[in-house]
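Trainee: I would like to test some labels against the numbers behind them. Can we go through them one at a time?

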Amino acid sequence: MTLHLPAIAILLPLLSAPICVAVRHALVTRLLTVAVGWGSLAVSGELLRQALSGAPIHYELGGFAPPLGIEYVIDTTTGYVLVIVSTIAAVVFSFGATTRGAALPAGREHLYYGAMLLCLAGLLGMTITGDAFNVFVFLEISSLSSYALIGLGQDRRAPVAAFSYLIMGTIGGTFFLLGIGFLYQATGTLNMADMAERLASLHRSRTVHVAFGFLTVGLSLKLAVFPLHQWLPNAYARAPAVISAFLSATATKVMYYVLVRMIFTIFGATFVFGKMGMDMALVPLSLGAMFVGSLAAIFQTDLKRLLAYSSVAQIGYMTLGLSFNSVNGLTGGLAHLFNHALMKGGLFLAVACLVYRVGSSRLDDLAGLGKCMPITSAAFVTGGLALIGVPATVGFISKWYLVLAALETGQYLFAGLILLSSLLAVAYVLRVVEVLYFKAPKSPDVREAPVSLLLPTWILIGATVVFGLRTELTAGLARSAAMQLLGAGS
Amino acid sequence: MSTFGLWHYWVVIVLMMIGLYTVIARDNLVKKVMGLNLFQVSVIMFYVSMGKVEGGTAPIIPEQASGPVVYSNPLPHVLMLTAIVVGIATTAMALSLVVRIRETYGTTEEDEIRKLDRAEHE
Amino acid sequence: MTSETLILLSLLAPTVGALLVSLTGSAPNLRESISTLATLVTFGAVAPLTPRVLAGQRPRLDVMEVLPGVDLAFEVEPLGMLYALVASGLWIITSLYAIGYMRGHNEQNQTRFFVCFALAISAALGIAFSANLFTLFLFYEVLTFSTFPLVTHHGTEKAKQAGRIYLGILVTTSVCFLLLAVVWTFQLTGSLEFRPGGILAGKASGSTLTALMVLYAFGAGKAALMPFHRWLPNAMVAPTPVSALLHAVAVVKAGVFTILKVIVYVFGIETIAAGGHSDWLMWVASGTLLLASLVAITQDNLKARLAYSTISQLSYIVLGGALATAEGVLGGGMHIVMHAVGKITLFFCAGAIYVAAHKTEISTMNGLARRMPFTMTAFTIGSLSIIGLPPFGGTWGKWYLGLGAARGDNHLFIFVLMLSSLLSIGYLMPVVLRAFFRPPDPESNSHHGEHADEDSGSQHASHKGGRHEGIQEAPLLCVGPLCAAAVGCLVLFFTSDQILQLLLPITTGAR
């Protein structure tokens with residue numbers, strides 16, 4: 001049983017999806033979804049434990065040995081991301097009103113849950129696999145189901161947003177596929193470890209350069225690296241709030257992971273930063289994301305859109321951490337992966353609570369809810385503080401490492417800019433706080449959201465504080481993951 | 001090999017550019033989907049041509065094989081089976097979204113949709 | 001009780017108090033009893049630490065390691081002990097005063113007020129007891145965010161605007177300068193601990209140290225060094241108890257405390273004195289000191305005038321640190337106490353005048369002493385203490401500061417101190433003179449509602465203000481605390497020796 005855990009991690013959600021479709025019963029499928037969410041968390045936790053206790057796990061799918069067979073590899077980084085994704089999945093799937101805000105005809109809920117499970121399967125698969133083409137397959141599995149989920153938003157513009165995400169996503173995915181094709185041509189293998197080995201002597205090959213270009217652009221599209229982020233605000237703003245919570249906390253995170261894998265495991269940091277000078281491109285783009293995303297967030301009139309733009313900015317922090325190419329920088333980026341998943345997931349769930357009662361996420365409609373829904377509003381404020389990076393929240397930890405990395409490499413200007421951009425978060429969080437607390441409520445008889453909604457929200461929000469003080473599991477793991485990645489890549 | 005000798009790359013590039021151009025330039029959502037298809041097909045062609053070995057046979061070793069047999073690389077072809085499935089799924093997904101868009105907006109032209117949205121917002 | 005328990009108790013008592021207050025919000029009497037009880041427990045936990053610190057102990061409490069080398073830990077040293085004593089001691093009388101003030105005014109959201117107040121005190125004690133820069137920064141930010149709802153208490157457009165400026169300046173300075181300085185220090189030394197003699201000595205070049213000094217001095221935006229002082233006058237829209245305790249004592253002192261602590265325990269007085277890293281700061285502090293005094297003279301609103309006076313007095317303390325001599329630092333530390341007690345007296349009086357006579361502008365306070373003799377007497381005492389005349393506490397702060405300037409061969413700054421004292425006479429005494437020696441204005445007998453803020457929940461007060469004959473003091477819960485604070489100014493003059501004894505150890509190693 002434990003021998004096959006890597007396969008089980010993916011098969012669990014992947015097989016539950018068709019079961020959902022077959023069962024067709026709303027409550028049963030719902031319970032199954034929740035169970036699979038927590039089951040995945042248990043499996044991921046166990047995998048992480050195993051990966052930490054010894055050498056990375058290598059699992060040959062179906063018993064075929066690599067490089068012909070598909071290999072699943074779980075090292076610290078993989079386990080870390082697996083745990084992030086499945087934690088968010090477990091909590092978000094448990095959220096009380098998952099289908100609220102989705103334009104679902106009665107009796108079709110099982111399909112909705114099926115799509116969520118497929119999405120989870122894709123995300124876990126992308127993380128766990130050690131085969132480049134397999135990444136593409138899982139990428140498309142998760143993307144296709146997320147297009148469907150986003151298109152289900154009640155906003156009538158939701159299908160349009162999903163469509164443009166589909167176009168951008170498919171272009172990104174196809175670029176990725178093309179990149180893999182070139183890599184295959186150059187190396188004759190699809191196994192990441194093999195590729196890395198053979199690429200070491202191919203640093204001057206133009207095929208490899210082209211492959212690198214296509215892969216980077218494709219992944220950046222899916223990761224929503226500024227200025228390729230255009231699809232993200234619309235998609236997250238118009239999807240059902242729960243789906244925004246799930247996707248914002250997992251999808252971009254896994255894409256970041258794939259990018260990290262590609263840079264540090266397949267190509268190696270020497271090639272990427274030394275030869276291709278990726279940091280020259282990534283640093284300005286990250287800074288651009290941090291400022292443009294945050295500035296755009298300040299002027300939004302819709303809370304979900306505001307959070308979506310803030311996500312663009314936060315992705316900037318992660319890619320900036322990456323581009324420092326140092327242990328502290330990568331630690332900051334990877335730690336922010338977890339931290340941002342927690343806070344953005346929690347914040348979107350808090351919005352889902354508000355939407356549950358008010359039916360809208362427009363700031364005008366949320367006026368004065370601090371009085372009517374104190375627990376939800378407090379959750380939002382706490383999450384907002386984490387976004388700002390107040391000490392004793394997770395946001396501070398990421399910022400700490402990023403600034404440290406900037407100072408370490410003598411880039412004092414960047415250190416200042418990182419801090420300056422985090423101030424913009426104060427502006428947009430304060431704006432929401434003023435709406436929630438200082439405006440007269442539109443309808444004073446709004447009640448607090450039910451416990452089944454509040455509990456998952458506060459699990460994530462509470463975690464932003466707990467992990468702001470206890471960092472062995474976040475920054476500690478991120479650090480050993482970063483050391484592993486940099487050690488392997490150089 | 002001459003520039004022309006790599007003619008299959010030119011096919012791929014031309015197809016890809018046509019596809020991308022259609023996706024970007026057309027306002028009609030269905031045409032965008034078509035462009036996307038062309039784009040994906042170009043990559044499939046790329047893989048398929050990559051596996052072809054000149055003078056190679058199908059990758060089945062004949063029973064009375066005398067000496068080494070030259071055969072095409074089957075792996076890229078197999079991969080493309082998956083990619084084709086992905087392409088079909090994407091197209092189906094895109095078209096179903098277009099159907100829903102048409103149901104709510106009554107049009108599949110992007111600029112008209114934008115106009116309708118703006119009209120509702122103001 | 002062990003010292004660890006006491007530290008923990010002093011930090012937790014306000015927090016638990018806040019929690020209980022928020023739960024008992026519907027029953028005002030119970031709520032206020034809990035609030036008062038929390039103040040007593042807190043002081044009861046802080047006070048017993050004093051003899052131990054005097055005896056040379058440094059009680060320490062390690063909570064957890066947040067990041068490798070970055071701990072959440074507390075350690076009580078003399079400077080922090082003093083600050084904690086001031087904050088928790090004055091909290092008791094402020095809390096009593098607040099009950100009288102808030103009730104006398106029928107303020108809205110009283111529960112939120114008491115909750116945030118308690119949290120702010122908890123944060124102030126956290127700052128006082130912090131054992132390293134991380135803990136200090138953590139509570140520094142908690143203090144900023146917990147006082148934000150107090151500043152915006154009235155929820156009006158003006159309050160919101162003030163809140164934006166408040167948060168804007170304090171967070172900008174703390175994140176852009178202070179945090180940068182903290183991370184930089186960590187990067188240079190690998191440690192954030194406060195250690196006697198400093199941790200930076202020999203770890204960085206002179207110019208780096210000066211740059212760090214700039215970041216720290218302006219990063220502690222709560223010290224209101226110009227040009228980052230504008231939040232303080234804006235914060236005066238808050239209810240008077242907030243202005244009194246937080247914006248004359250806890251918050252602003254957190255800023256100067258941070259600067260002093262950084263000078264003493266991160267740089268080390270010797271390092272600074274040898275390298276002259278704080279020479280520029282003497283000039284900035286002197287400039288702030290004089291400019292703020294001049295601005296104070298032009299203010300007609302009593303609270304605004306007191307706010308600018310606070311800015312000026314804070315720079316005394318910063319100057320004391322910047323002089324980098326033993327006497328300077330001692331004077332700075334002592335001035336934290338002296339100014340706290342003096343200024344809180346003045347703010348209490350301003351609040352009492354507002355509650356009883358509903359006056360905020362100095363030009364309308366003619367002859368007020370006839371109606372409010374206790375309040376105005378206390379105001380006079382507070383003023384004299386701030387000016388620095390014996391027999392009031394303020395004398396000693398200025399004495400040691402002057403000594404510090406003389407010892408460091410910075411005779412020019414003695415002159416600055418003198419000049420500023422003259423200016424403080426200029427902005428404080430007119431209030432006293434008006435109240436005692438001018439006859440009441442005829443029109444001041446009528447209702448003065450139009451001079452008051454937008455606050456409409458105070459019919460009670462303006463009603464009282466209408467009847468002008470005889471003594472018309474504020475409620476007992478307002479007058480009692482302000483008299484106590486005035487007596488405190490007097491007592492401090494005679495007990496300064498104990499404070500000196502407490503502070504002396506921090507100057508070891510200085511010139």
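Mentor: Start with helix α2 (residues 26-53) of chain A, in what is a predicted model. The helix has 28 residues.

Trainee: What span does α2 of chain A reach, and what is expected at 1.5 Å a residue?

Mentor: From first C-alpha to last, α2(A) reaches 41 Å. The expected value is 40 Å, and the two are close.

Trainee: Which residues of α2(A) are buried, and what makes them count as buried?

Mentor: The cut-off is 20 or more other C-beta atoms within 10 Å. Those buried in α2(A) include Thr29(A), Leu32(A), Thr33(A), Val36(A) and Gly37(A). Further along, Ser40(A), Val43(A), Ser44(A), Leu47(A), Leu48(A) and Ala51(A) are buried too.

Trainee: What covers the buried residues of α2(A)?

Mentor: The cover includes the helices α1 (5-23), α3 (76-94) and α4 (109-128) of chain A. It also includes β1 (57-60) and β2 (71-74) of chain A.

Trainee: Next, helix pairs. Why are α13(A) and α18(A) called roughly antiparallel?

Mentor: The axes of α13 (residues 303-323) and α18 (residues 412-438) of chain A cross at roughly 170°. Angles over 145 degrees count as roughly antiparallel. The label therefore fits α13(A) and α18(A). Their axes come within 12 Å.

Trainee: Which residues make the contact of α13(A) with α18(A)?

Mentor: From α13(A), they are Leu303(A), Leu306(A), Ser310(A) and Ala313(A). From α18(A), they are Ser421(A), Ala425(A), Tyr428(A) and Val432(A). By class, this contact has 6 nonpolar residues, 2 polar and no charged.

Trainee: What makes α17(A) oblique to α19(A)?

Mentor: Helix α17 (residues 394-408) and helix α19 (residues 451-469) of chain A pack at about 45°, with axes 7 Å apart. Roughly parallel needs an angle under 35 degrees, and roughly perpendicular runs from 65 to 115. The angle of about 45° meets neither condition, so α17(A) is oblique to α19(A).

Trainee: Which residues of α17(A) and α19(A) make that contact?

Mentor: Val394(A), Phe396(A) and Ile397(A) come from α17(A). Thr464(A), Phe467(A) and Gly468(A) come from α19(A). The count by class is 4 nonpolar, 2 polar and no charged.

Trainee: Now whole chains. How do you know that chain A is as compact as a globular protein of its length?

Mentor: Chain A has 20 helices and 2 strands. Its radius of gyration is 21 Å, and the globule rule gives 23 Å for 490 residues. The values are close, so chain A is as compact as a globular protein of that length. Its C-alpha atoms fill a box of roughly 70 × 55 × 40 Å along the principal axes. Buried residues make up 65% of chain A. Of its contacts with a separation of 6 or more, 80% link residues 24 or more positions apart.

Trainee: What radius of gyration does chain C have, and what would a compact globule of 511 residues have?

Mentor: Chain C has 22 Å. A compact globule would be near 24 Å, which agrees. The C-alpha trace of chain C spans about 70 × 50 × 40 Å along its principal axes. The chain C count is 20 helices and 2 strands. Buried residues are 62% of its 511.

Trainee: Why is Leu419(C) called partly exposed?

Mentor: Leu419(C) has 14 other C-beta atoms within 10 Å. Exposed means 12 or fewer, and buried means 20 or more. Leu419(C) lies in between, so partly exposed is the label. The residue is found in helix α18 (residues 411-437) of chain C. From Leu419(C) to Pro505(C) is 86 residues in sequence and 31 Å between C-alpha atoms.

Trainee: Last, the interfaces. How many residues of chain C are in contact with chain A, and which element gives the largest share?

Mentor: 23 residues of chain C are in contact with 23 residues of chain A. On the chain C side, β1 (60-67), α6 (133-151) and α7 (157-189) each give two or more residues. The largest share, 13 residues, comes from α7(C). By class, that side has 16 nonpolar, 4 polar and 3 charged residues.

Methods. Residues are numbered from 1 along each chain as its sequence is written. Chains are lettered from A and ligands numbered from 1 in the order in which they are written. This is a predicted model: local features need pLDDT of at least 70, side-chain atom pairs count only at pLDDT 80 or more; totals for chains, interfaces and linings use all residues. Helices (H or I, at least four residues) and strands (E, at least two) are DSSP runs, numbered from the N terminus. The radius of gyration is taken over C-alpha atoms; the globule rule is 2.2 Å times the number of residues to the power 0.38. The expected span of a helix is 1.5 Å times one less than its number of residues. Two residues are in contact if their C-beta atoms, placed from the backbone, lie within 7 Å. Ala, Val, Leu, Ile, Met, Phe, Trp, Tyr, Cys and Pro count as nonpolar, Asp, Glu, Lys and Arg as charged, and the others, Gly among them, as polar. Axes are lines fitted to C-alpha atoms, for helices over the stretch in contact, and angles run from 0 to 180 degrees between N-to-C directions.
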